[in-house]
Amino acid sequence: MTTTPHLDGFVPFDPALAAGYKSEGFWEGVTLGSLLRTAAQKWPSKIAVKDAVPLTYEQLDVAADGMAAGLVELGISPGDRVVLQLPNTPEFVVVLFGLLRAGAIPVLCLPAHRAAEIGHLAELSGAVAYVIPETAAGFDYRELARTVQTRVATLEHVLVLGDPAEFTSLLDVPRDPRPLPEPDPSDLAVLLISGGTTGLPKLIPRTHDDYAYNARASAEVCALTPDDTYLVALPAAHNFPLACPGILGTIVTGGALAFTADPSPENAFATIERHGVTVTGLVPPLAQLWTAATEWEDADLATLRLLQVGGARLPEQPAREITPALGAQLQQVFGMAEGLLNYTRLDDDLELVAKTQGRPLSPADEVRVVDLAGNDVAPGAEGELLTRGPYTIRGYYRAPEHNARAFTPDGFYRTGDLVRQLQSGHLAVTGRIKDVINRGGENVSCDELEEHLIAHPAVRAAAAVGIADAMLGEKVCAALVVDSEMPTLAEIKTFLTGRGLAAFKLPDSVVQAHDLPVTPVGKIDKRALAAQLAGTT
Ligand code: OOB
């Protein structure tokens, strides 16, 4: 029994290791909310957010304090979980820091998530509030909130950016700032969403200590300075633009943030030119699109000094084309919301930058490369990456059964990624053993998708497999064994959307199968199936 319900189902760091992370200075004992406070004290009149109405650090700090006071007044208490689903706007930062300073724990959902994901994540976290935009990209989030509200008994407040309809307007929330108690830095700070390994999405509990280190060390690796302007181009709630170094790393350094909800070259290039953007992070398909677009877009990208690319494997050829086309240095990032981050370094030679996905961020990151039996492979050989360290979780939130499989008894996270490690420590990602399709940086859990497919009345059995794709790396193909007439792709998409599944998880193709190949133990043989399908789609 614990008296702090939000810590129910939170797996803490090992005390002995935690003491080392502190004494070696990785953990500084600061809260995420205080990062902005410190920046506002150091650089009060420096621009923090470049937007139609720019905000200085002092203004951003005051806005976050006002939001925190208003959230407390609404009844949000320390430890309360709050689902945050805002697009890339300055308000995202104000609400994020408002929640952190109120001691609430943001559940960082993506704008693409729909009722299936939000309902599950709100329920699992026991969320008391849900923050949404009125509409974004043509979708009405208030409709979504109505559905979620009927499913999630704990949900008391829906806060809306824009026209609130029957809900509460975010504009009405702020109150005069008031002193609020500081959370304990070793406490849970934010819940990130896992790309999914098995079944439903998992919640990833990150502490103030570990996430502040994640952001600060990432900012150092990217050599961020107060002169940098970071463009939030990927969804702000994702770990990559949030803290690698992203929003938090930029704030720690006193740089400026710029936002775009639309990362198309046409739009993003204009934003780069307008705000003098120096750094941004992209997934490989976008990086390839930006590279190609320099042929026809004539924006001046001279300020862009660093382009981070991660989330999925960037093939070598496009990696080599990035700097000549965009003028920016390339940094490969192989990261995961669970923790471990690998970066190519700014002084790495071109071969390492083109051919590897970087090396671990921290000297305290422990990595092992193991075979199927869990034994270390020979140096340089391929194996599964296991990791433990000062910013890698020791367990998913409220998922004891899954944790027993996803972590070794001594607390290493089994990434499910296949890698080779070079002598320099750099990792090359060679594949995956987890049943996940990486669709251009968005992870689709096959288990989760298959469960939804099987719910279709015509479908007896289903298997989701990744099919190689030049642009996205992989596309989602659903092989279906049917009892009656084979549904069309459009019918399947409509069916899955009706079940509240996010659009990025929808199959790109469906094929009818008479049976699904199985392995000797009777599991669906995804490898064999993928090989069969490669010729047919
Ligand atoms: C990032 O985080 P997640 O949690 O959305 O996805 C993590 C998974 C990894 O386990 C790996 O399977 C894949 O995405 N991945 C990569 C990769 N970066 C991520 N696979 C190959 N090459 C890469 N460069 O995706 C993420 C988090 C922080 C920074 C950057 C990416």
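This is a short dialogue on reading the fold and the ligand site of a predicted model.

Colleague: Let's start with the whole chain. How many helices and strands does the protein chain have?

Modeller: There are 17 helices and 27 strands in the protein chain. Its radius of gyration is 23 Å, close to the 24 Å that the globule rule gives for 537 residues, so the chain is as compact as a globular protein of that length. Along the principal axes, the C-alpha atoms fill a box of roughly 65 × 55 × 55 Å.

Colleague: And what percentage of the residues is buried?

Modeller: Buried means under 20% relative accessible area. Here, 58% of the 537 residues fall in that class. Contacts add to the picture: of those with a separation of 6 or more, 68% join residues 24 or more positions apart.

Colleague: Now the ligand. Which residues are closest to it?

Modeller: A residue counts as near if one of its heavy atoms lies within 4 Å. The ligand is surrounded by 20 residues, the closest being His238, Val333, Ala337, Asp417 and Lys434. By class, this shell has nine nonpolar, eight polar and three charged residues.

Colleague: Where are the polar contacts of the ligand?

Modeller: Look for N or O pairs within 3.5 Å. One ligand oxygen is 2.9 Å from a side-chain N or O atom of histidine 238. A backbone N or O atom of alanine 337 also lies 2.9 Å from a ligand oxygen, and a ligand nitrogen is 3.3 Å from a polar backbone atom of arginine 313.

Colleague: How much of the ligand does the protein bury?

Modeller: The protein buries 96% of the 600 Å² that the ligand exposes when taken alone. Helix 8 (239-243) and strand 16 (329-336) each give two or more residues to the shell, and strand 16 gives the most, with four.

Notes:
Residues numbered from 1 in each chain as written. Predicted model: local features only at pLDDT ≥ 70, side-chain atom pairs only at ≥ 80, totals over all residues. Heavy atoms only, no water. Polar contact = N/O pair within 3.5 Å; in protein donor to acceptor, adjacent residues only side chain to side chain. Areas by Shrake-Rupley, 256 points an atom, 1.4 Å probe, with all protein chains shown as cover. Nonpolar A, V, L, I, M, F, W, Y, C, P; charged D, E, K, R; others polar. Rg over C-alpha atoms; globule rule 2.2 N^0.38 Å. Buried < 20%, exposed > 50% of the residue type's maximum accessible area, 1.4 Å probe, protein only. Contact = heavy atoms within 4.5 Å.
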